[in-house]
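Let's take a friendly walk through this model, with the structure open beside the text. We will look at its internal cavities and then at two helix contacts.

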Amino acid sequence: MTRYYPTEQLFNKFSNNTYMNSTSIRKKYLDFFRSKGHEIVSSAPMVIKDDPTLMFTNAGMNQFKDIFLGTNPVKFPRIANSQKCLRVSGKHNDLEEVGHDGYHHTMFEMLGNWSFGDYFKKEAIDWAWELLVKEFGIPRERLYATVFEGSVDESIEKDEEACKYWKQYLDEDHILMGSRKDNFWEMGDSGPCGPCSEIHIDMRQDSERKKLNGRELVNKGNHLVIEIWNLVFIQYNRRVTGELELLPKKHVDTGMGFERLCMVLQQKTSNYDTDIFQPVIRQISTLCGSEYGSDQKPDIAMRVISDHLRAIAFAIADGQLPSNTRAGYVIRRILRRAVRYYFTYLNQRRPFMFKLIPALVSAMGDSFPELQGQQQLIEKVIREEELSFLRTIESGIKKLDQVIGETKAGNKQTISGKLAFELYDTYGFPLDLTELILKEQNMMVNQREFNDEMNKQRERSKSAAAVDTEDWIVLKEGVEEQQFVGYEQTTANVTITRYRKVKSRDGIVYHLVFDKTPFYAESGGQVGDRGYITDGQTRIPVMNTLKEHNLNIHLVKKLPPDITASIQACVDADARNDTAKNHSATHLLHYALRKVLGNHVEQKGSLVHPDYLRFDFSHFQKVTREEIIKTELLVNDMIQNNHVARIQEETYEDARKAGAMALFGEKYGDRVRVVRFGNSAELCGGTHVENTCKIGHFKIVSESSIAAGIRRIEAITGRKYGQFAEKQESTIRELNELLGNPPDLVKAVKILLEEKAAIQKKMELFNQQQVNTTKTMLLSQSRKMDEVHLVFGETTLLDSAEAVKDTAFQLRAQVDNLFLVLGSVIDGKPLLTVMIADKLVKEKNLNAAEIVKQAAKEIQGGGGGQPFYATAGGKNPEGLSRAIEKAVGFVLNVTNR
């Protein structure tokens, strides 16, 4: 294991380089490409909302994917930026390496420059060399380039063109041939692809370089001979069949790890020693009292936490909260991994990471203002997640202690892998923490069983997610853009421009793309339109409409008889109208909440459905009943005021200056669609009513918390409100009839509840008397043997399992060294209860769970519990006395009576 220290000298200083902080390095990169005619664009959100193939941006090119695929026009032929990326799943999964070396990360910045059909290999290589060597001053003798060697299997020739350009700058022994694995880039199993040329740097001391040529260490896992830049030359398209075809236009896509570049230019041996991570690491060191660089395992923990903190904070700032599904689950998993490390290696037992956010914001907030704007929310969400998982760890430890006790009672040293997997799967208790606790007890996990269970789960997930998507069949060449006419109409005569077949466990579905469409595709929180297509003879339902690569894709179960003919596309107008009402009401709700609760309220998610609307927003306490009423009144006032929808396209800057609401975590273009109702103004691409009066009425049906600092409101409008109101009236009529039509219904219900409470109180008193009588009876026939106080017998006075449990625990508190065996019959079924004093569990090696397991055979049942308390149920009440006798026998054996 390599250890990294912030004070380690990298190598002799660059000839013309002085210290540059990370902000200066980022700026210099962008300024350089601006001087080469590139448009500098902002980072897209790290969390991807409208791409079914990706949850997170994992490369700088993701936001330009539609341009590569030809479904978006080229606005700027040359672009450069710094992109927030996250790699924690799929083939780009660096999670397990994070913290154990100095250069892998979950969240990282990717510096990139792109050419869309403009320059190609020569300029990409020339400018990469100019920036690294002339601008940043990296010694040329430390650089190596890899070039694609070609593939005989696919009949692809060696990339002689790239090789020729590299020879202008590098000696031949610094140019290496690379295989398809390392030097042929692909977007996925299909799509644009091409050869790539990686730039590697040898950062070893001169003395080490003399011993072994750096070319021998390229792509060999040496932490000081690493790739810093990848120049991808996109010239092919891979079909689903695996065949390659030349693209009509060639593109350049380059990516350079910002953290690695800073490590090189700041002359460190680890990314974590740069000014990107050190402010956070120093704060961790201060808070936990452990000096970074003094001990290997705490050092790993500090690197893990400093890395994971960035991933979590940027995800929350982009609008993705930790949850149990998809992207939210990934963020929760990263957060829990960090908690696991500080719990295990930094001895922290209370929420800890949220205290590091000010240090992170101080280091990165100027470059990423979303961190500053969302700081309070980020801190609160992380703290609540930490608290929750620390409680989970505590529950897991209790469960594990029980498993350890039961395993030791059976004279075994290995716990079942199935139980370990249950801890992992049900309690979120990680295997390595289980193993650490077991090691302290000289025990271990059956790894084979655990791995078997894990593989079964993976296979289930893989099977559930298996989808076979065929290539697009293009019916109309040259039709790259699709016209959306759904704002103005719900029917249109269309032609199919392309289609594909998709097989999954649910059957076969066809994806259709039209030249124009009235169908709104699921995006921005609004569900996709449903409806049908028809040729006049055959009507085919459209089950859903999704967006992929800027195309509206219509899902049908069969194709029209003539797929080349003109057809009519018809949206379900009723569902569309209901959806529009709910979407417009969502805007009014957002406006009203900011008026009632304050301007800190910001949208954090939404779902607009024909039947209801759901709105998630930032707010740090429960919305009171009075605030809900005020919000409803304000929304309904705006509805009744007949505000006409004013919808127009504006520049993003003009819209923001005019006060239009934009959402964190959304990527907006230069021109945006602004939807206004009265004083409400939001950037939105959804469908809306023409006038607020069309909404009818607005009603909040629920308000709840979904995460720390995030509240959720669900509401209804229009027809659903009418159904809701009728149901409420019907309920009130029924109650009146049941209570004899009292003059004051509320008062009559209150009286009924008071009478019920009085009866309940009497019942509780009676039950306690039965418990006391049972205790007296049992104690009167108890026996003392050595240090054991034996209490046993049957009772007919207790009529619930809860009363039996209450009796057992009261006796435990009253009687020292208790060994209790209690039999009862509840609702005709036998119940056996065993309670043992802690002292007897330890000194006499008695285990209540094992005892009831054996004794329950007499009542044809089974049960379990903890070593000190366990119960068993059965089918045969007649065997209860034998079960009690068998249970008592366990204590008689250890007391020699």
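## The largest cavity

Start with helix α1, which contributes the most to the lining of the largest cavity, namely three residues. Please keep in mind as you look around that this is a predicted model.

Which residues line the largest cavity? They are S22, T23, R26, E109, F258, D275, I276, A363, M364 and S367. Two elements each supply two or more residues to this lining: α1, spanning 22-35, and α11, spanning 357-364. Sorted by class, the lining is a mixture of four nonpolar, three polar and three charged residues.

How many cavities of 30 Å³ or more turn up in a search of the whole structure? The search finds five, and the largest has a volume of about 50 Å³.

## Where α13 meets α15

Now turn to helix α13, residues 375-409, and helix α15, residues 431-440. They pack at an angle of about 50°, and their axes lie 11 Å apart. Because angles from 35 to 65 degrees fall outside the parallel and perpendicular ranges, α13 counts as oblique to α15. The two helices cross in a right-handed sense.

If you would like to highlight this contact, select I393, I397, L400 and I404 on α13, together with L433, T434, I437 and L438 on α15. By class, the contact has seven nonpolar residues and one polar residue, with no charged residues.

## Where α9 meets α13

Helix α13 also packs with helix α9, which covers residues 296-317. Here the angle is about 120° and the axes are 9 Å apart. That angle makes α9 oblique to α13. Is the crossing left-handed or right-handed? α9 passes α13 in a right-handed crossing.

On the α9 side, the residues to pick out are L309, I312, A313, I316 and A317. Their partners in α13 are L377, I378, V381 and I382. What is the make-up of this contact by class? It has nine nonpolar residues, with no polar and no charged ones.

## Putting it together

For a quick tour on screen, begin at the cavity lined by residues including S22, F258 and M364. Then move to α13, where I378 is among the residues that meet α9 and I397 is among those in contact with α15. Both of these helix crossings are right-handed, the one with α15 and the one with α9.

Definitions and conventions:
Residues are numbered from 1 along each chain as its sequence is written. This is a predicted model: local features need pLDDT of at least 70, side-chain atom pairs count only at pLDDT 80 or more; totals for chains, interfaces and linings use all residues. Side-chain values use heavy atoms; hydrogens and water are left out. On a 1 Å grid over the protein atoms alone, a cavity is a set of points where a 1.4 Å probe fits but cannot get out, and a pocket is an open set with protein on both sides within 12 Å along at least five of seven lines; lining residues have an atom within 4 Å of a point. Grid points are joined across faces, edges and corners, and a volume is the space filled by probe spheres set on the points. Helices (H or I, at least four residues) and strands (E, at least two) are DSSP runs, numbered from the N terminus. Ala, Val, Leu, Ile, Met, Phe, Trp, Tyr, Cys and Pro count as nonpolar, Asp, Glu, Lys and Arg as charged, and the others, Gly among them, as polar. Axes are lines fitted to C-alpha atoms, for helices over the stretch in contact, and angles run from 0 to 180 degrees between N-to-C directions. Angles under 35 degrees count as roughly parallel, over 145 as roughly antiparallel, 65 to 115 as roughly perpendicular and the rest as oblique. A crossing is left-handed if the near helix is turned anticlockwise from the far one by less than a right angle, and right-handed if clockwise. Contact means heavy atoms within 4.5 Å.
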